[in-house]
Amino acid sequence: MKTAAVIGAGIGGIAASIRLAVKGYEVHVFEANEYPGGKLSTFDVAGASGTYRFDAGPSLFTLPHLVEELFRLAGENPADHFEYLRLPEICRYFWDDGTRLTAWADTHAFAQEVETKLGEPAHRVTSFLKDSAFKYEVTDGLFLHDSLHKAGTWLNRKALRGYLNLPRLGVFGTMNGANKRAFEHPKLVQLFNRYATYNGSDPYQTPALLNIIPHLEYNIGAFFPKQGMVSITNSLVKLAKRQGVRFHFGTPVEEIVVQKGRAVGVKIGKKGERVEGRKAMPPSPASLSSPSSPSSRSSFLPFSRIVSNMDVTPTYRRLMPTQPAPERTLRQPRSSSGLIFYWGIRQTFPELDMHNIFFSNDYRTEFDYLFNKRDRLYEDPTVYVNITSKNKPDDAPPGCENWFILLNAPANEGQDWDAIIAQTRQDVIRKLSRNLGVDVGSLIECEAILDPRTIEARTSSAQGALYGTASNNRFAAFLRHPNFSSRIDNLYFVGGSVHPGGGIPLCLLSAKIATEL
Ligand code: FAD
C-alpha cells in the first residue's frame with residue numbers, strides 16, 4: 001500500500017492528509033504539539049467571572065467552500081459536520097477624531113455608508129469592488145489552483161487570459177498608489193490599504209494586485225464557524241480520522257531521510273500519547289515546545305511520500321541540514337508577525353461588533369516601523385479587536401467579552417520583546433480607552449499574550465511570520481517555495497510558507513496543489 005507521512009497538523013497538513021487518504025494512501029500525521037491546528041487552535045483562560053475561550057490565531061474566515069470541498073471529496077455532506085454563518089457586518093472602523101464607519105456585508109449599504117460618513121461618492125466604492133472581483137477571477141485561475149513551477153500552468157487558456165489583462169491586474173504599481181487613484185478620502189484609502197496586512201505585507205510596497213483581497217470579504221463574504229474558528233481544525237481532524245488517517249501528537253519529526261535523491265522516510269522523536277481534542281495551553285514562554293530538538297530516542301519510519309507542513313525554512317535547516325537548500329527562496333523577507341493580547345473583559349460593549357479596527361493616525365509611519373525600522377511597534381498602532389462572544393456567547397462569562405487584540409508586529413529578529421510588549425500594552429489601553437470612553441485597563445480580568453517569539457516556538461514558523469514570506473514586491477509570488485522539491489523525489493510542501501501563500505484558504509489550496517502533483 002502507498003504510504004504518506006505528513007509533518008505537522010496545521011490546516012495545510014490536515015487538508016493534505018484528507019486528500020491523500022481519499023487517494024488511497026495510508027497516512028500518518030506527526031505533530032510536535034499535543035493538539036492539532038498549529039496557528040488555528042484554541043485555549044481557555046480563567047478569570048474572576050468565569051472561563052474565557054479564545055481562538056489562538058485566525059479570526060476571519062473566508063472562502064468556506066474550500067473547507068466544504070474536503071467533506072464532499074470524502075463523500076460526506078459538509079453541513080452534517082461543519083456549520084458557519086455569514087456575517088451581516090464585516091467590520092466596524094474607528095478613528096481617533098471620532099469618525100466611525102460600518103463595513104456592511106451588503107455592498108450597496110456599505111457604499112452608501114461611505115458616502116454619508118466620508119463624502120466619497122458611493123459609485124466609487126462599488127466600481128472598486130467590481131474591479132477587485134475582476135482581478136480575483138483572472139488571478140484565481142492563474143495563480144491559486146496550480147503550481148507556478150510547472151510549464152503547463154503558463155501555457156493554458158487561464159494563463160492567456162492573465163497575459164491579455166496584465167495592465168488591469170495592478171502588477172506594476174503599489175496598492176497605496178492604486179487606492180489613492182480610486183478614492184479621494186484618506187480614511188477610505190487607509191481602509192482599503194489595510195488589506196495588505198491580510199497576507200502580512202506593506203500597502204506602500206505590495207503590488208496593487210493584492211486589491212483582489214477585498215473581493216473575498218465584500219463580494220463573497222466574511223464568515224464565522226458557529227463553534228469558533230477552531231472548529232475548522234476539529235471538524236477536519238475528525239473527517240481525516242474517518243478516512244483512516246492516523247494522528248501522532250507530541251511526536252516531532254527530527255529528520256527527513258533522503259537516500260540517492262529520494263525522500264524515503266522520517267525519523268521521529270518522543271512518541272507522545274494520542275490526545276483527542278485537547279486544547280492548547282494559554283501562551284506563556286514556559287509552555288513552549290521545541291519541535292526538532294535532537295532526541296536520543298529517534299526512530300526511522302519508511303514512507304513512500306513525505307509532505308512537510310512545517311515552515312519550509314526549518315524543514316531545510318533542521319530536518320535536512322545536509323541537503324542543498326534553495327537559499328534565494330529562504331532569504332526572502334518574512335511577512336509581518338503579530339503581538340496578541342487575549343483579554344477577559346468584565347463588561348459588554350454594544351458599540352463593538354465581532355471585528356473592530358481602531359486605526360492609527362499615521363499609517364505610513366506604522367508600516368515603516370513594521371518593515372523598515374523593525375525595532376519596535378509604532379506608538380499609535382492600528383488595533384484590531386476581535387470578540388467571538390458576540391456571535392458565540394459561551395466564549396465569555398455572562399456580562400463579559402473575550403477580546404482578542406491583534407497588533408501587526410515585525411518578524412522576530414531578537415528584538416527586546418518584553419520591553420516592546422510592556423510599552424505596546426500601555427499604548428493599546430490608552431488608544432482603546434480614548435475611543436470607548438472608559439478605562440479599559442481596569443476591565444481586564446485575565447490575560448494571555450502571544451508574541452513573535454512564542455508564535456515561532458509553538459509552530460516552527462521562521463521568525464514568527466504569520467504568512468511565510470511577505471509579498472512586498474511584484475516577484476514575491478514567484479519566489480515562494482513550490483509545493484514539491486525539484487531536487488528530492490517524493491517530497492512535497494504545504495502550508496503558509498509555500499505557494500500559493502498564507503491564510504487559511506491558501507493553505508487549503510496548497511494541499512490541493514501538492515496532492516494533485
Ligand atoms: P501552521 O499553523 O503553521 O502549523 C504547522 C504545524 O506543524 C504546527 O502545529 C507545528 O507544531 C507543526 N510542526 C512544525 N514542525 C514540526 C515537526 N518537525 N514535527 C512535527 N510537527 C511539526 N489566516 C486567515 O485566513 N484569517 C485570519 O484571520 C488569520 N489571522 C491570523 C492571526 C494570527 C495571530 C495568526 C498567528 C495567524 C493568522 N492567520 C490568519 C494565518 C493562518 O493562521 C495561517 O496561515 C495558517 O493557519 C497556517 O497553517 P499551516 O498549514 O501553514 O500550519
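## Salt bridge, ligand shell and cavity in a predicted model

Arg53 and Asp395 form a salt bridge in which the closest N and O atoms are 2.8 Å apart, a salt bridge being a side-chain nitrogen of Lys or Arg within 4 Å of a carboxyl oxygen of Asp or Glu. The pair links distant parts of the chain, with Arg53 in strand β4 and Asp395 in the loop between β16 (383-387) and β17, 342 residues apart; helices (H or I, at least four residues) and strands (E, at least two) are DSSP runs numbered from the N terminus. A search of the whole structure finds 27 salt bridges.

This is a predicted model, in which local features need pLDDT of at least 70 and side-chain atom pairs count only at pLDDT 80 or more, while totals for chains, interfaces and linings use all residues. Residues are numbered from 1 along each chain as its sequence is written, and side-chain values use heavy atoms, with hydrogens and water left out.

### Ligand

Around the ligand there are 35 residues, of which Gly12, Glu31, Lys39, Gly496 and Gly503 come nearest; a residue is near a molecule if one of its heavy atoms lies within 4 Å of it. This shell divides into 16 nonpolar, 16 polar and 3 charged residues, where Ala, Val, Leu, Ile, Met, Phe, Trp, Tyr, Cys and Pro count as nonpolar, Asp, Glu, Lys and Arg as charged, and the others, Gly among them, as polar. Oxygen atoms of the ligand take part in the polar contacts listed below, a polar contact being a pair of N or O atoms within 3.5 Å.

| Protein partner of a ligand oxygen atom | Distance |
|---|---|
| Glu31, N or O atom in the side chain | 2.6 Å |
| Asn33, N or O atom in the side chain | 3.2 Å |
| Ile504, polar backbone atom | 2.8 Å |

The protein covers 95% of the 1,000 Å² of accessible area that the ligand has on its own, as given by the Shrake-Rupley method with a 1.4 Å probe. Two or more residues of the shell come from each of α1 (11-22), α16 (452-459) and α18 (504-516), and α18 gives the largest share, 3 residues.

### Cavities

The whole structure holds 4 cavities of 30 Å³ or more, a cavity being a set of points, on a 1 Å grid over the protein atoms alone, where a 1.4 Å probe fits but cannot get out, with lining residues having an atom within 4 Å of a point. About 50 Å³ of space lies in the largest cavity, the volume being the space filled by probe spheres set on the points. Arg53 belongs to the lining of the largest cavity, as do, among others, Asp55, Asn386 and Phe404. β4 (50-55) and β17 (401-409) each supply at least two residues of this lining, to which β4 gives the most, with 3 residues.

How values were computed:
Polar contact = N/O pair within 3.5 Å; in protein donor to acceptor, adjacent residues only side chain to side chain. 1 Å grid on protein atoms, 1.4 Å probe; cavity = no way out; pocket = protein on both sides within 12 Å on 5 of 7 lines; lining within 4 Å.
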